[in-house]
Amino acid sequence: ETVTLSDGRVMSRQQLCIEALRCDPESSQAYLALGACLGGKEAVVLHDGRKLTQQQLWLEALRYDPDNAGAYISLGDALQASKTARVTLSDGRVLSKRMLYIEALRCDPNFSIAYNNLSFVLRAGETVTLSDGRVLDQQQLLIEALRCDPTCAAMLCTLGHLNHESKGKAKVTLSDGRQLSSKELFLEALRCDCTEISAYINLFVVMTDRETVRLSDGRVMDKVQIISEGLQYDKSGNIMEMISQLLANPRSRRVFKI
């Protein structure tokens, strides 16, 4: 995608970011945006001759604005999940993936993606202490993520899946006071985004063979109808792969009346 400037120049997003840094070499947001234009191992040459990788661009973003939450998130997402993986900031701090997400939340306590991504770093039963002193586990982090972004279907599915794996039929109390079961969380995800594939898959998993659910548009479906509904949005083939695995098991074929 390109844009044509008033002087006739046609520029891509990457070129616009480079131009922004020519105008303001200390623009933290421009470094952040330019890093997002690159792949993990790519590098870009700036007007001043510096050749910087994606990680180096995000480190520059933090050098000029140590409170840039997006830069912490970007560095955390790009960093390997191993316990030994670290990144050294320009101020000398050496931070792990977990610490980068905690820093992002220090800068912006309402950053839903930071809560969500931090939850994935934790193991079952593990907690993390945030910079404001709060001690949260995986489920509590996801509840905080949904407080900040209540209509995020993917996070609703993650919370529902986590609850189903750990507590079965127990209900989760959201920050708005609603108490929802895993099944209700998956249905809420579909209310927010009817294209959320993981909601269809998770509903199929938690429903019994003769059970039905009512969608937000009033339709009542059994588990086979649910998975059939999801197929129209399944561009990556995840549902078809699951069905193939089920059909390979003779006991599972009865679900599809085969």
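Tyrosine 200 is a good place to start in this predicted model: tyrosine 200 is buried, with a relative accessible area of 2%. Its ring has a partner, tyrosine 233, which is partly exposed at a relative accessible area of 23%.

**Stacked tyrosines**

A pair of aromatic rings is described by the distance of the centres and the angle of the planes. For tyrosine 200 and tyrosine 233, the centres are 6.1 Å apart and the planes stand at 20°, so the pair is stacked, planes under 30 degrees apart being counted that way. The two residues come from distant parts of the chain, 33 residues apart: tyrosine 200 belongs to helix α10 (residues 197-206), while tyrosine 233 lies in the loop between α11 (223-231) and α12 (238-247).

How many aromatic pairs are there? The count comes to 2. Tyrosine 31 and tyrosine 64 also form a stacked pair, because their ring centres are 5.7 Å apart and their planes meet at 10°. This pair, too, links distant parts of the chain, with tyrosine 31 in helix α2 (residues 28-37) and tyrosine 64 in helix α3 (residues 54-64), 33 residues apart. Tyrosine 31 is buried, with a relative accessible area of 0%, whereas tyrosine 64 is partly exposed, with 27%.

Here are the two pairs side by side.

| Ring pair | Centre distance | Plane angle |
|---|---|---|
| Tyrosine 31 and tyrosine 64 | 5.7 Å | 10° |
| Tyrosine 200 and tyrosine 233 | 6.1 Å | 20° |

**Around helix α3**

Helix α3, home of tyrosine 64, has a set of buried residues: Gln54, Leu57, Trp58, Leu59, Glu60, Ala61 and Leu62. What do the buried residues of α3 pack against? Their neighbours are α2, β3 (43-45), β4 (51-53), α4 (69-78) and β5 (87-88).

**Helices α10 and α11**

Let us return to the helix that carries tyrosine 200. Two packed helices are described by the angle between their axes and the distance between the axes. For α10 and α11, the angle is about 165° and the axes are 9 Å apart. That makes α10 roughly antiparallel to α11, since angles over 145 degrees count as such. The crossing of α10 past α11 is left-handed.

Which residues meet where α10 and α11 come into contact? From α10 come Ile197, Tyr200, Ile201, Leu203 and Phe204, and from α11 come Lys223, Ile226, Ile227, Glu229 and Gly230. Tyr200 is therefore both a member of a stacked pair and part of the contact between these helices. Lysine 223 and phenylalanine 204 deserve a look as well: the charged end of lysine 223 sits over the ring of phenylalanine 204, 4.5 Å from its centre.

Notes
Residues numbered from 1 in each chain as written. Predicted model: local features only at pLDDT ≥ 70, side-chain atom pairs only at ≥ 80, totals over all residues. Heavy atoms only, no water. Phe/Tyr/Trp six-rings, centres within 6.5 Å; stacked < 30°, edge-to-face > 60°. Helix = DSSP H or I, 4+ residues; strand = E, 2+ residues; numbered from the N terminus. Buried < 20%, exposed > 50% of the residue type's maximum accessible area, 1.4 Å probe, protein only. Lys NZ or Arg CZ within 6 Å of the ring centre and 35° of its normal. Axes fitted to C-alpha atoms, helices over the stretch in contact; angles between N-to-C directions. Parallel < 35°, antiparallel > 145°, perpendicular 65-115°, else oblique. Left-handed = near helix turned anticlockwise from the far one by under 90°. Contact = heavy atoms within 4.5 Å.
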